[in-house]
Amino acid sequence: MKILICGKGGSGKSTISVLIAKNLKTMGYKVLLVDADESNFGLYGLLGIPPSATLIENLGGKKGAKKKLVALFSNGKSPALLTDDQKWKIRDIPDESVTDANGIKLLVIGKIHNFGEGCACAMGFVSKTFLSNLDIGDDEMVIVDTEAGIEHFGRRVEEGCDMILGIADPSYESFMLVKRIEEMGKKAGVPVSFILNKVDEAVEGAMSKHINMEKVIARIPKDNSVFMDSLEGRELKTNIPEIGHICKFIEDIKKK
Ligand SMILES: Nc1ncnc2c1ncn2[C@@H]1O[C@H](COP(=O)(O)OP(=O)(O)O)[C@@H](O)[C@H]1O
Ligand SMILES: [Mg+2]
C-alpha cells in the first residue's frame, strides 16, 4: 500500500504520518516514510533523527532530476532504453538517500534551501515518478507526507498511490480543503478517507456539518504530549489508540 497523507498546513499531516509509520512498523511491516513536503523541515525531529541529504541533492540538484532518477534505477541500462513503466523496489533506493529512524526508512524528496532557487516543480515530478514506479511488497507500506494544500494533485502525485488520507483540523479552511481533496481523489481514481484531528465531541458536531462523515475513519483528540514533543523537536513517542484503528483500517483495505 502507498498512502498519501494530505491536508491544510498545520492540520497534523507530519504528526499523523509519523505516528502511522511507527504503528505499522510495530505491526510488522517494513515502512518507508516519504517526505514530499519541500518547505518544512520538521519530520526529522518528529522521528528523532538529524537532517540528512535529500534525494534531489543526491541526484545532483533539481536540473534534469526526473531523468536522473530513472537513470538511478536503471541497473546500468542506458536510461534511453528505459520505458516509463520501469519499476523499482524500496531496496533499490541507494543507501545515501534513505535514513534509518529506529527501523523506519525515511526518504526525503527535496527541500527549498535558498532564496531565489526557483520553483518546486522538480520535487513534484520526482515524487510522482518515484511513487508511480515503486513496486511494493506484501510486507511493505509507504506513507507519503505531502506539502500543504493540493498542488500535488495538479502534479498527479496521487496516480502512484493506493489511498489518500485527508487530515482535517477544526478550521473552515480545512473543511473547504477536504472537499477539494474528495473531488480530486475521485478524479484520480484513488479512494479517500478523512481523519479529524485535534477534536472533541463539541467540535466534531460542528465539523460534521461541513465534512462527509461517511468518509471519516478516525477522530484524534488534542494531545498535549504530542504537542510538546513537536514543540521541543523531540521524537514522537505517544501512543494514541486512534492511530491503531487507522492502521487496522489500512491493513483491512490492503487485504481486500
Ligand atoms: N492531535 C494533536 N494534538 C495536539 N497537537 C497536535 C495534534 N496533531 C498535530 N498537533 C500539532 O499541530 C501542529 C502542526 O502539526 P504538523 O503535523 O506539523 O502539521 P502539518 O504537517 O499538517 O503542517 C504541531 O504543533 C503539532 O504538534
Ligand atoms: Mg508537515
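## Contacts with ligand 1

A polar side-chain atom of T15 lies 2.5 Å from an oxygen atom of ligand 1, in a model that is predicted. Two other side chains take part in contacts of this kind: a polar side-chain atom of K198 is placed 2.9 Å from an oxygen atom of the ligand, and an N or O atom in the side chain of S230 is 2.8 Å from a ligand oxygen. The protein covers 82% of the 560 Å² of accessible area that ligand 1 has on its own.

## The shell around ligand 1

Looking beyond these contacts, one can ask how many residues surround ligand 1. There are 17 of them, and the closest are G10, K13, T15, D223 and S230. When the residues of this shell are sorted by class, four are nonpolar, eight are polar and five are charged.

Which helices each supply at least two residues of this shell? They are α1, which spans residues 13–26, and α9, which spans residues 224–231.

## The largest pocket

The space that ligand 1 takes up is the largest pocket of the model, and about 610 Å³ of space lies within this pocket. It is lined by 32 residues, of which G10, G12, T15, K198 and S230 are the closest to its centre. Two or more lining residues come from each of the elements α1, α2 (42–47), β7 (140–146) and α9, with the largest share, five residues, supplied by α1.

By class, the lining of the largest pocket divides into 10 nonpolar, 14 polar and eight charged residues.

## A cavity

Apart from the pocket, the count comes to one cavity of 30 Å³ or more, and the largest cavity holds about 60 Å³ of space. Its lining is made up of A36, E38, M123, G124, S127, T146, E147, H152, R155 and V157, a set that divides into three nonpolar, four polar and three charged residues.

Which helix gives the most to the lining of the largest cavity? Helix α5, covering residues 121–132, does so with three residues.

## Two loop residues with positive phi

The backbone angle phi is positive in two residues described here, neither of which is a glycine. In N102, phi is near 50°, and this residue has its place in the loop between strand β4 (99–101) and strand β5 (104–108).

In K198, phi is positive at about 60°, and the residue is found in the loop between β9 (192–197) and α8 (201–207). K198 has already appeared in this report, since its side chain has a polar atom 2.9 Å from an oxygen atom of ligand 1, and K198 is also listed among the residues closest to the centre of the largest pocket.

Terms used: Residues numbered from 1 in each chain as written. Chains lettered and ligands numbered in written order. Predicted model: local features only at pLDDT ≥ 70, side-chain atom pairs only at ≥ 80, totals over all residues. Heavy atoms only, no water. Near = heavy atom within 4 Å. Polar contact = N/O pair within 3.5 Å; in protein donor to acceptor, adjacent residues only side chain to side chain. Areas by Shrake-Rupley, 256 points an atom, 1.4 Å probe, with all protein chains shown as cover. 1 Å grid on protein atoms, 1.4 Å probe; cavity = no way out; pocket = protein on both sides within 12 Å on 5 of 7 lines; lining within 4 Å. Sits in = over half its atoms within 2 Å of the grid points. Helix = DSSP H or I, 4+ residues; strand = E, 2+ residues; numbered from the N terminus. Nonpolar A, V, L, I, M, F, W, Y, C, P; charged D, E, K, R; others polar. Points joined across faces, edges and corners; volume = space filled by probe spheres on them.
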